[in-house]
Amino acid sequence: MEAKAHVLIVDDEEDIGLMLSRLLQKTGYHTEFCTSVAEGRIKLKQKKYDLYFLDLNLSDGSGFDLIPEIRQQPEVSGIIIISAYDGLQERERAKAFEVNAFVNKPFNKKEILEAVSQIRL
């Protein structure tokens, strides 16, 4: 199966990152996973991704810290925030950053696939 798109997942919870990777791979996406803002920055320099899943609470910052660098990439299709921190302040900031979706943790397969389906990849 040829990959539909390249996806970068940045989440400090390894079990969530791996589960999300497997889910997306089963639907044809090529995924990479890392656990910190620093690792995300390295991956951004190495490769172009079409879709980004960003956690907000990382050991060295927030997924929001990566968005300006992601926006410098050519042809970014989408950014999805995945976080247990889903208060008004986080949602307002996500809106200001023009993210495509905000998925609360814990999430299920349907919520993830629905968020991805709303993005033109």
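**Entry 1: Glu32 and Lys43**

I began with Glu32, which in this predicted model counts as buried at 18% relative accessibility, a value that falls under the 20% limit for that class. I placed Glu32 in strand β2 and then asked which side chains make polar contacts with the side chain of Glu32. One is the side chain of Lys47, at 2.8 Å, and another is the side chain of Lys43, at 3.1 Å. Setting aside residues up to four places away in sequence, I listed the residues that Glu32 touches as Val7, Leu8, Ile9, Lys43, Lys47 and Tyr49.

I turned next to Lys43, which lies in helix α2 and counts as buried at 19% relative accessibility. With the same allowance for sequence neighbours, I found Lys43 touching Leu8, Glu32, Phe33, Cys34 and Tyr49.

**Entry 2: helix α2**

I looked up which residues of α2, spanning 37–46, are buried, and noted Val37, Gly40, Lys43 and Leu44. These residues cover an arc of only 120 degrees around the axis, which puts them on the same side of α2. On the face turned away from that buried side I found the exposed residues Lys45 and Gln46. I then checked what covers the buried residues of α2, and recorded β1, β2 (30–34), β3 and α3 (67–71) among the covering elements.

**Entry 3: aromatic pairs**

How many aromatic pairs does a search of the whole structure find? I noted two. Tyr49 and Tyr52 form an edge-to-face pair, with 5.9 Å from centre to centre and 70 degrees between the planes. I recorded Tyr49 as buried, with a relative accessible area of 1%, and Tyr52 as buried too, at 0%.

For Phe64 and Phe97, I read ring centres 5.5 Å apart and planes at 20 degrees, so the pair is stacked. I located Phe64 in the loop between β3 and α3 and Phe97 in the loop between α4 (88–96) and β5, so this pair ties together parts that are 33 residues apart in sequence. Phe64 is buried, with a relative accessible area of 3%, whereas Phe97 counts as partly exposed at 24%.

While on rings, I also looked at Phe102, and saw that the charged end of Arg91 sits over the ring of Phe102, 4.3 Å from its centre.

**Entry 4: the nonpolar cores**

I looked up the largest nonpolar core, which has 20 residues, and noted that those with the most contacts inside it are Leu20, Leu24, Phe53, Ile80, Ile82, Ile112 and Val116. I wanted to know which elements supply at least two residues each, and listed β1 (6–10), α1 (14–26), β3 (51–54), β4 (78–83), β5 (101–104) and α5 (109–117). The largest share, four residues, comes from α1. As background, I note that in soluble globular proteins nonpolar side chains tend to be buried together.

I followed Leu24 further and, leaving aside its neighbours within four places in sequence, found it in contact with Val7, Ile9, Tyr29, Thr31, Phe53, Ile112 and Val116. I also recorded a second, separate core of 19 residues, which includes Cys34, Leu44, Leu56 and Ile79.

**Entry 5: helix α5**

I closed with α5, where I noted Ile112, Ala115 and Val116 as buried. Seen down the axis of α5, its buried residues fall within an arc of 100 degrees, so they line one face of the helix. The face turned away from the buried side carries the exposed residues Lys110 and Ser117, and what covers the buried residues of α5 includes α1, β3, β4 and β5. At the start of α5, I saw that a side-chain oxygen of Asn108 reaches to within 3.1 Å of the backbone nitrogen of Lys110.

I then asked whether Leu113, a residue of α5, is buried or partly exposed. Leu113 is partly exposed, with a relative accessible area of 26%, and, leaving aside its neighbours within four places in sequence, it is in contact with Leu23 and Thr27. Coming back to Lys43, I read a separation of 24 Å between its C-alpha atom and that of Leu113, for two residues that are 70 apart along the chain.

Notes: Residues numbered from 1 in each chain as written. Predicted model: local features only at pLDDT ≥ 70, side-chain atom pairs only at ≥ 80, totals over all residues. Heavy atoms only, no water. Core = buried A, V, L, I, M, F, W, Y, C linked by side-chain atoms within 4.5 Å. Buried < 20%, exposed > 50% of the residue type's maximum accessible area, 1.4 Å probe, protein only. Contact = heavy atoms within 4.5 Å. Arc of directions from axis to C-beta. Phe/Tyr/Trp six-rings, centres within 6.5 Å; stacked < 30°, edge-to-face > 60°. Lys NZ or Arg CZ within 6 Å of the ring centre and 35° of its normal. Polar contact = N/O pair within 3.5 Å; in protein donor to acceptor, adjacent residues only side chain to side chain.
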